[in-house]
Structures are given as structure tokens and as C-alpha cells.
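Student: Could we go through this model and test each term we apply to it against its definition?
Tutor: Yes, let us look at it together and take the terms in turn.

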Amino acid sequence: SWSPDGRKIAFAVSYPWILNNGVRNGDKYAIYTVDFEPGNFEKLTAVNEKPLAGFAITGNYPNPFNPATTISFTLPEAGKATLTVYDITGRKVREIVNGQLAGGMHTVVWNGCDTFGRSVSSGVYFSRLTMNGITTANRMLLAK
């Protein structure tokens, strides 16, 4: 998922990881963030940032979906928020929300189309919610 500042993507290591200094972290699994530039996954740092309370993408339904899905999210207060869909490579597919919203629960429908109205292919997509410099994300699966 995205780090709270929206500039890094977090991932969990699912096998014992050998650190740069050659020390194995044993059987512990860790979460790392990496600067989110496609093709540049070289700088690993531990995640230590917490998301804003009451700020979340609470899911999408149906998931997997075809052809559309409803994305639900909550905002802790009124303010400018953006909800953007990205593909698995990090390319922006479509900005669904960009503007002032009230605090509380919201739902929007993504119809599986990009910015130009073209239907996107099957695959994994991420909905990314940003407000006041804090970001969270949710994974979605489009299955045709």
C-alpha cells in the first residue's frame, strides 16, 4: 500500500530477507517502503508512519469486479481529497475524485475505464486516496 505521504509504496517481504549489510533477519517478516518511481526499487526503509485516524479506503465491491466497482472511503474531516486509480506498474489510469468533500463516509463508482473513456484490461489496480498530505490505497481486481 502507499505510505502516508504518498511518495512511497509499501510491501511486505514474504521470505527471510538478506539486508544490505549481509545480516539475515531470520524468520521475521518485515514491511518496507520504496521510493515509488517505476523501475527504481533500490532504497528500502522501514515503515514508521501511521495513517490519519478515520482516514481510509474501506474497500470496493464487488472485488473482483466486471465491469464496474463501488469504492468506499472515509474522511476524518472536510477538505480537499483526491481518489485516483493506478495500474500495477504505477501509471495513473483515472482520477475519480478531486475536490472539496465533507468528512465522513463516501462512495464512488469506477466503471473500469481510463481518463479517455477506454475500457482497461483485466488485472490488478490500486485506488489511492490522498488528503492533507496523507495517502492510503486499496487493491482491486478487474476480471473480464
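Student: Which residue stands opposite I71 of β5?
Tutor: In this predicted model, N60 is the residue that stands opposite I71 in β5. I71 also stands opposite V108 in β8.

Student: What makes β4 and β5 a pair of strands, and in which sense do they run?
Tutor: Two strands pair if at least two bridges are found between them, and β4 and β5 have five bridges, in the antiparallel sense, so the criterion is met. Strand β5, residues 69-75, also pairs with β8 in the antiparallel sense, over seven bridges, and T74 stands opposite M105 in β8.

Student: Why are β4 and β8 said to stand at the edges?
Tutor: The open sheet of three strands has the order β4-β5-β8, with antiparallel pairing. β4 (56-61) and β8 (104-110) each have a single partner strand, so one side of each is left without a neighbour in the sheet. The twist from one strand to the next averages 20°.

Student: How do you know that β5 is mostly covered?
Tutor: A residue is called buried when its relative accessible area is under 20%, and seven of the seven residues of β5 are buried. T69, I71, F73 and L75 point one way from the strand, while T70, S72 and T74 point the other way, and all are buried. In a regular strand the side chains alternate between the two faces of the sheet.

Student: Why is R128 called buried?
Tutor: The relative accessible area of R128 is 14%, and the cut-off for buried is under 20%, so R128 is classed as buried. The residue lies in strand β9, residues 123-131.

Student: What makes the approach of R128 and Y86 a polar contact?
Tutor: The side chains of R128 and Y86 are joined at 3.4 Å, and a polar contact requires a pair of N or O atoms within 3.5 Å, so the distance satisfies the definition.

Student: How do you know that β9 and β10 are paired?
Tutor: Nine bridges join β9 to β10, which run antiparallel, and the definition asks for at least two, so they count as paired. R128 stands opposite A137 in β10. These strands belong to an open sheet of four strands in the order β7-β6-β9-β10, with antiparallel pairing. β7 (92-101) and β10 (134-142) stand at its edges, each with a single partner strand, so one side of each is left without a neighbour in the sheet. The twist averages 15° from one strand to the next.

Key: Residues numbered from 1 in each chain as written. Predicted model: local features only at pLDDT ≥ 70, side-chain atom pairs only at ≥ 80, totals over all residues. Heavy atoms only, no water. Helix = DSSP H or I, 4+ residues; strand = E, 2+ residues; numbered from the N terminus. Axes fitted to C-alpha atoms, helices over the stretch in contact; angles between N-to-C directions. Buried < 20%, exposed > 50% of the residue type's maximum accessible area, 1.4 Å probe, protein only. Polar contact = N/O pair within 3.5 Å; in protein donor to acceptor, adjacent residues only side chain to side chain.
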